[in-house]
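Let's take a friendly walk through a protein structure, one part at a time. Keep the picture at hand as you read.

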Amino acid sequence: MMIHVNGCQTNVPSDVRTMEQLMHYYELQAKSMIVELNKAIVNKDKYASTSLQNGDCIEFVHFVGGG
Amino acid sequence: MQERYSRQQLFTPIGLEGQQKINCKTVLIIGAGALGAASAESLVRAGIGKLVIVDRDYVEVSNLQRQQLYEERDATLRIPKAEAAKAHLQSINSAVTIESHVADADVELLSQLVLEADVLLDATDNFDTRMIINDIAQKYNTPWIYGACVGSYGISFTIIPGKTPCLNCLLETVPLGGATCDTVGIISPTVQMVVAHQVAEALKLLVEDEGALRQTVVSFDLWQHNYQSIHVQSAKQSACTSCGPDATYPYLHYDQQMKSAVLCGRDTVQLRPAPGNHKIDLNELSKRMASLGKVEQNPFLLSFQPYNMKERMVVFQDNRVLIHGTKDIHEAKKLYYQWIG
């Protein structure tokens with residue numbers, strides 16, 4: 001499946017079908033992220049039930065602590 | 001037009017009126033590391049009326065790569081950052097009132113300092129303090145500007161009580177185990193980019209141009225060349241315990257336990273004994289430690305390295321202790337009880 005992740009066009013394996021699987025694929029920690037799918041924020045409790053489609057635009061924003 | 005600020009006043013959204021507002025406002029900067037030093041310099045040059053700086057740490061040689069206000073001499077003498085920052089800032093602009101606090105940014109101190117602040121600027125290195133800032137900002141109805149960075153990645157968000165989502169809405173819990181300056185390092189351009197976003201937003205607030213605020217979470221990676229700006233208004237939670245109608249400000253609740261934190265970018269643990277503890281007498285401690293290891297003292301702190309040990313302890317006047325040479329909180333506490341009592 002071809003999707004856009006943080007502005008980069010990316011081909012992800014066919015077994016990545018949901019937002020939760022995509023975050024797992026990128027080894028992202030759900031707790032410190034904001035996730036946007038096609039310009040809409042995805043609630044934290046909806047990652048598993050949010051399916052991905054070819055051409056989706058996903059933005060991951062990671063809250064970090066350093067300073 | 002004041003010659004000093006003429007170029008800033010020529011910028012139409014600020015103008016003479018905006019400059020006069022900047023000249024009589026107060027900003028509280030929490031943290032005087034890389035972010036804090038850079039935003040402090042920027043605001044002092046811009047002619048802020050009063051700047052209040054809180055920082056618990058002192059200058060070390062590993063800070064000099066990115067913490068722009070400090071010099072080799074500050075590191076050699078282990079000058080507390082808030083004091084070193086004040087001295088340098090005052091020589092940049094003597095008209096600005098600068099107040100420094102060599103202390104932990106805890107609930108008690110921030111509750112007092114927020115009262116005169118028009119804007120709170122986050123320059124901390126940990127989420128524990130940010131959650132306190134978030135609750136303080138909501139309780140006292142004062143805007144605050146989140147900023148953070150690791151490696152080549154940075155992020156910022158301007159939080160306006162009653163309008164935007166707060167940090168608790170966005171995160172729900174305090175994130176643990178994320179990347180830190182300890183694990184992935186930090187380059188100074190990342191710091192500068194975060195500060196550019198924070199100070200620009202602060203100036204908008206100071207000149208009361210709220211309509212110009214960005215309203216998005218901005219994040220970027222300077223090494224990978226990406227920049228994101230995300231609208232998060234839909235993430236505001238009506239039942240948020242920090243900013244909802246029945247807010248309880250959960251991060252302000254008093255805790256009598258010793259507090260501890262691993263310091264970002266340092267192989268160091270900070271321990272802060274419960275507030276009811278007796279003050280440590282540094283002169284007495286110096287005598288007690290003299291035969292047990294290497295002791296160095298200045299008016300602000302005492303450094304002690306036991307013989308044949310890699311760890312070094314630094315005790316501040318307000319009872320805080322930094323244990324250098326470990327990232328393990330339990331090990332740090334053990335050393336604290338072992339050597340300081």
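A residue is called exposed when its relative accessible area is over 50%, and buried when that value is under 20%. Please bear in mind that this model is predicted.

**One helix, two sides**

With those words ready, look at helix α12 of chain B, which spans residues 329-339. Which of its residues are buried? They are B:Ala332, B:Leu335, B:Tyr336 and B:Trp339. These four sit on the same side of α12(B), because they cover an arc of only 100° around the axis. On the other side of α12(B) you will find B:His330, B:Tyr337 and B:Gln338, which are exposed.

What covers the buried residues of α12(B)? The cover includes the chain B elements β10 (268-272), α11 (282-289), β12 (301-306), β13 (312-316) and β14 (321-324). The N-terminal end of α12(B) has a cap, B:Asp328.

**A residue in a loop**

Now move to B:Gln233, found in the loop between β8 and β9 (259-262) of chain B. B:Gln233 is partly exposed, as its relative accessible area is 46%. Leaving aside residues up to four places away in sequence, B:Gln233 touches B:Lys163, B:Thr164 and B:Pro165.

Here are two polar contacts, one from the helix cap and one from this loop residue:

| From | To | Distance |
|---|---|---|
| B:Asp328, side-chain oxygen | B:Glu331, backbone nitrogen | 3.1 Å |
| B:Gln233, side chain | B:Lys163, backbone oxygen | 2.7 Å |

**Where the chains meet**

Finally, turn to the interface. In chain B, 35 residues are in contact with 17 residues of chain A. Together the two chains bury about 2000 Å², with 61% of it on carbon and sulfur atoms. On the chain B side, B:Leu171, B:Gln228 and B:Ile230 lose the most area to chain A, together 24% of what that side buries.

How many salt bridges does the rule find across the interface of chain B and chain A? The rule finds zero, while ten residue pairs are in polar contact there. Several elements of chain B give two or more residues to the side that touches chain A, among them α3 (34-46), α7 (127-139) and β6 (153-159). The largest share of that side, five residues, comes from β5(B). By kind, the residues on the side of chain B that touches chain A divide into 20 nonpolar, twelve polar and three charged.

Terms used: Residues are numbered from 1 along each chain as its sequence is written. Chains are lettered from A and ligands numbered from 1 in the order in which they are written. This is a predicted model: local features need pLDDT of at least 70, side-chain atom pairs count only at pLDDT 80 or more; totals for chains, interfaces and linings use all residues. Side-chain values use heavy atoms; hydrogens and water are left out. Contact means heavy atoms within 4.5 Å. Buried area is the accessible area (1.4 Å probe) that two parts lose on being put together, summed over both. A salt bridge is a side-chain nitrogen of Lys or Arg within 4 Å of a carboxyl oxygen of Asp or Glu. A polar contact is a pair of N or O atoms within 3.5 Å; within protein, one must be able to donate a hydrogen and the other to accept it, and residues adjacent in sequence count only if both atoms are side-chain atoms. Ala, Val, Leu, Ile, Met, Phe, Trp, Tyr, Cys and Pro count as nonpolar, Asp, Glu, Lys and Arg as charged, and the others, Gly among them, as polar. Buried means under 20% relative accessible area, exposed over 50%, partly exposed in between (1.4 Å probe, protein chains only). The arc is that of the directions from the helix axis to the C-beta atoms.
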